[in-house]
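Biologist: Hello! Could you teach me how to read a structure like this one, step by step?

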Amino acid sequence: MPMNVSVVDLFAGPGGLGEGFSAFSGKRSSYPFRIKLSVEKEVSAHKTLQLRAFYRQFRKNVPLEYYHYLEGKISREQLFSSYSVEAAQAIEETLGGPRALGDKADDKLIYKQLRNLCKENGHWVVIGGPPCQAYSLVGRARNSGIDGYAPENDHRHFLYEEYLRVLTTVEPQVFVMENVKGILSSKVNGKHIFPTILDDLGNPRRALKKRGGYKYKIYSLSHDDSEGKKGQVGAKYILRAEDYGIPQARHRVILLGVREDISIEPNRLTKSSLPQSTAESVLADCPPLRSGLSKGGDSPDAWLEAVEGAIAKISKIGIKSGIDVEPLISVAKKAKAHTSRGARFLPRKREFRGDEHAASWYLDEGLKGFVNHESRGHIVDDLTRYLFCAEYARQKGGSPRASEFPKALAPNHANWGSGKFVDRFKVQLAGKPSSTITSHISKDGHYFIHPDPAQCRSLTVREAARLQTFPDNYFFEGNRTQQYVQVGNAVPPLLANQIAKIVYQVLSV
Ligand SMILES: C[S@@+](CC[C@H](N)C(=O)[O-])C[C@H]1O[C@@H](n2cnc3c(N)ncnc32)[C@H](O)[C@@H]1O
């Protein structure tokens, strides 16, 4: 019999984790994981989440209008009103709007819907993780010794309890919780809090001072426990995304909780047998774009002038810049061809360069190009640095460290040489997985420099989304800053998809 699994996605962001589960197909069941409820409080992330919930209603038969919306030909209202049944379903699944766990009025609605849904028997899975700040305040009892500290007023503290509360309400067979590595080193009163978290998750009702209920066993999903043997508390729970075919080095703590009445030792993720997925393989077909000029007026001519100025400046430094400056002549030539900064939709001009598996994951025949692919503006000094860094990386195979920066190009920080800024500029090297895409990408592009020196820019939202393994038809709503935050916050869907397989195996027994 096909298996259906109901999923509750908490702190859902744009839905990366949920996407991986939803896209999973098992041997006996196609798409066994059905998201029943997603909770997200931020308006733009919620809008993204809701659009994706709408898209999923159609599975393989996505209507043309969806692509028309992505291309900017029709409005979201037009799309939703053309498919009102599917839209209503997506709206219900995402609680009708952004909702904050821990907010009294929102909780009322969330729990009402949860209790209703849970009347359905069958398999349940809770996914998601409370935002990391919550953990610095987990020492509930210990904090009570602090003058004036009132845990009930501490919103972040409340969030963690909300997670436990949802577990005790849904009593899922399995939960998956993701967080940053900082959760492992967080201390309260000099004591690590991670063991307390494991303890609480192992017995959520007791943690909430309630009786009865299920206990959970917490497992690591990593294929390799050696991290855990180095002595850091909880290190065995760290997953290195690049080990599992993700073109990005992203190290996160992921806990798999299995209810005590399910007596199965879950499998681990298997180290990818595919060739290492690289930044180049997933960026190469994105249309090349020029960056913009954030000051002094932007136009293709002004930009080209700035690029030529940058090249002249680096060439003047010559060999002392640490690179051979000859190839900059061809960079200038190539830059001339880059006149576009992108648009809501850009048609595809180049072939995808990843392998077959990646192609089937990212590409969609219905979408004939790229969305969320528009470049940012940079000040001329940063544009010059990006050009230099990208050419340096091309020649030397690594980004220049602060000490390798020519003085004339170094940022004007009083303590630039202090060691604090050693890796301030990072090029995403063509032949390697990228560095971690974080929400910091919304603030500046220094850590996220495109490998092509002739484009002189930081990554676009789509390129960041590619490195995070979002399919190309995953559309990010909101302004560009909000889109970057959403992408940077997410769990790579392709990693989540592999986790879903393990959860499916646990539930299949
Ligand atoms: C790390 S992101 C989640 C990423 C998500 N798991 C994914 O894979 O895309 C955390 C999200 O929690 C949301 N959030 C923070 N506090 C919340 C609350 N009280 N209720 C609901 N969502 C909240 C934030 O807006 C943010 O989008």
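Biologist: How many residue pairs are in polar contact across the interface of domain 1 and domain 2?

Modeller: A polar contact is a pair of N or O atoms within 3.5 Å; within protein, one must be able to donate a hydrogen and the other to accept it, and residues adjacent in sequence count only if both atoms are side-chain atoms. Here the rule finds 22 such pairs across the interface, both residues at pLDDT 80 or more. This is a predicted model, where local features need pLDDT of at least 70, side-chain atom pairs count only at pLDDT 80 or more, and totals for chains, interfaces and linings use all residues. Residues are numbered from 1 along each chain as its sequence is written, and side-chain values use heavy atoms, leaving out hydrogens and water.

Biologist: Where are the two domains in the chain?

Modeller: Domain bounds come from an automatic or database domain assignment. Domain 1 covers 5-277 + 491-508, and domain 2 covers 279-488. Their centres, taken over C-alpha atoms, are 31 Å apart.

Biologist: Which residues form a salt bridge, and how many are there between the domains?

Modeller: A salt bridge is a side-chain nitrogen of Lys or Arg within 4 Å of a carboxyl oxygen of Asp or Glu. The count between domain 1 and domain 2 is 1. R76 forms a salt bridge with E477, with the closest N and O atoms 2.8 Å apart.

Biologist: And the ligand: which atoms of it lie by E40 and L101?

Modeller: A ligand oxygen is 2.7 Å from an N or O atom in the side chain of E40. A ligand nitrogen lies 2.8 Å from a backbone N or O atom of L101.
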